[in-house]
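Biologist: Could you take me through one part of this model up close? I'd like a single buried spot, followed outward through whatever it touches.

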Amino acid sequence: QVQLVESGGGEVQAGGSLRLSCTASGSFYSINDMRWYRQAPGLQRELVAAITSRDSPYYIDSVQGRFTISRDNSKNTVYLQMNSLKPEDTAVYYCNVNVSPNYYSDVDYWGQGTQVTVSS
């Protein structure tokens, strides 16, 4: 079993910055892709950014150039640096980690979510 613990959410004014962290713990063979999703009230959860095990990042268009995803494999941690925040970035942010418990399979795990609120 794998546990994900998120931190770093909060409330900032538009133009401000926040850094989210998500640390995986437990027993596993490897950590594969690590992702950040968000869900605003009344909307579906959407993928915001992802990073592969080889450090290849992906961003949705609306955060490209403002958000940076990174990972520290020695700490089993993924980060999301969010700059130039906008009110439309307000949402609960969830980390999602794909883990291989053994060589033959993989499982997705979700963090508990952290609230990000951007005021205008």
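Modeller: Let's start with a cut-off: a residue counts as buried when its relative accessible area is under 20%, as exposed when that area is over 50%, and as partly exposed in between. Keep in mind that this is a predicted model. Arg 35 has a relative accessible area of 16%, so Arg 35 is buried.

Before we stay with that arginine, a quick look at the setting. The protein has zero helices and 11 strands, so there's no need to hunt for anything but β in the pattern along the sequence, β-β-β-β-β-β-β-β-β-β-β. Buried residues make up 42% of the 120 residues. The radius of gyration is 14 Å, which agrees with the value near 14 Å that a compact globule of 120 residues would have. Along the principal axes, the C-alpha atoms fill a box of roughly 45 × 25 × 25 Å. Of the contacts with a separation of 6 or more, 54% link residues 24 or more positions apart. As for the outside, the accessible surface is about 6,400 Å², and 45% of that belongs to carbon and sulfur atoms. Charges come as 9 positive and 11 negative side chains, with the centres of the two sets 3 Å apart.

Back to the arginine. Arg 35 sits in strand β4, which covers residues 30-39. Its side chain makes a polar contact of 2.4 Å with the side chain of Asn 96. Leaving out residues up to four places away in sequence, Arg 35 touches Leu 47, Ala 49, Ala 50, Tyr 94, Cys 95, Asn 96, Asn 98 and Asp 108. Two of those names give us somewhere to go: Tyr 94 leads along β9, residues 91-102, to Tyr 93, and Asn 98 leads to Asp 106.

Take Tyr 93 to begin with. Tyr 93 belongs to strand β9, and with 0% relative accessibility Tyr 93 counts as buried. Look at its neighbours beyond four places in sequence: Glu 6, Leu 20, Trp 36, Tyr 37, Arg 38, Val 48, Phe 67, Leu 80, Met 82, Gly 113, Thr 114 and Val 116. Gln 115 is 22 residues from Tyr 93 in sequence, with 6.2 Å between the two C-alpha atoms. The tyrosine side chain also has polar partners. One is the side chain of Arg 38, joined to Tyr 93 by a polar contact of 3.0 Å. Another is the backbone oxygen of Asp 89, which lies 2.6 Å from a polar atom of the Tyr 93 side chain.

That takes us to Asp 89, in the loop between β8 (77-82) and β9. Loop or not, Asp 89 counts as buried, at 1% relative accessibility. A polar atom of its side chain lies 2.8 Å from the backbone nitrogen of Lys 86. So if you trace the polar links, the Asp 89 backbone oxygen pairs with Tyr 93, while the Asp 89 side chain pairs with Lys 86. Apart from residues up to four places away, Asp 89 touches Arg 38, Arg 66, Phe 67, Ser 84, Val 116 and Val 118. Arg 38, Phe 67 and Val 116 turn up among the contacts of Tyr 93 too.

Now the other way out, through Asn 98. The side chain of Asp 106 makes a polar contact of 2.9 Å with the side chain of Asn 98, and Asn 98 is also one of the residues Arg 35 touches. Asp 106 is found in strand β10, residues 105-110. With a relative accessible area of 48%, Asp 106 is partly exposed. Asp 106 touches Asn 32, Asn 98, Val 99, Ser 100 and Pro 101, again skipping residues up to four places away. Ser 30 is 76 residues from Asp 106 in sequence, and their C-alpha atoms are 9.0 Å apart.

Last, two backbone oddities to check while you have the model open. Asp 55 isn't a glycine, yet has a positive phi of about 70°. Asp 55 lies in the loop between β5 (46-51) and β6 (57-59), and is partly exposed, with a relative accessible area of 44%. Asn 76 also has a positive phi, near 55°. Its place is the loop between β7 (67-72) and β8, and at 24% relative accessibility Asn 76 counts as partly exposed.

Terms used. Residues numbered from 1 in each chain as written. Predicted model: local features only at pLDDT ≥ 70, side-chain atom pairs only at ≥ 80, totals over all residues. Heavy atoms only, no water. Helix = DSSP H or I, 4+ residues; strand = E, 2+ residues; numbered from the N terminus. Rg over C-alpha atoms; globule rule 2.2 N^0.38 Å. Buried < 20%, exposed > 50% of the residue type's maximum accessible area, 1.4 Å probe, protein only. Contact = heavy atoms within 4.5 Å. Areas by Shrake-Rupley, 256 points an atom, 1.4 Å probe, with all protein chains shown as cover. Lys, Arg positive; Asp, Glu negative; His and termini not counted. Charge placed at Lys NZ, Arg CZ, Asp CG, Glu CD. Polar contact = N/O pair within 3.5 Å; in protein donor to acceptor, adjacent residues only side chain to side chain.
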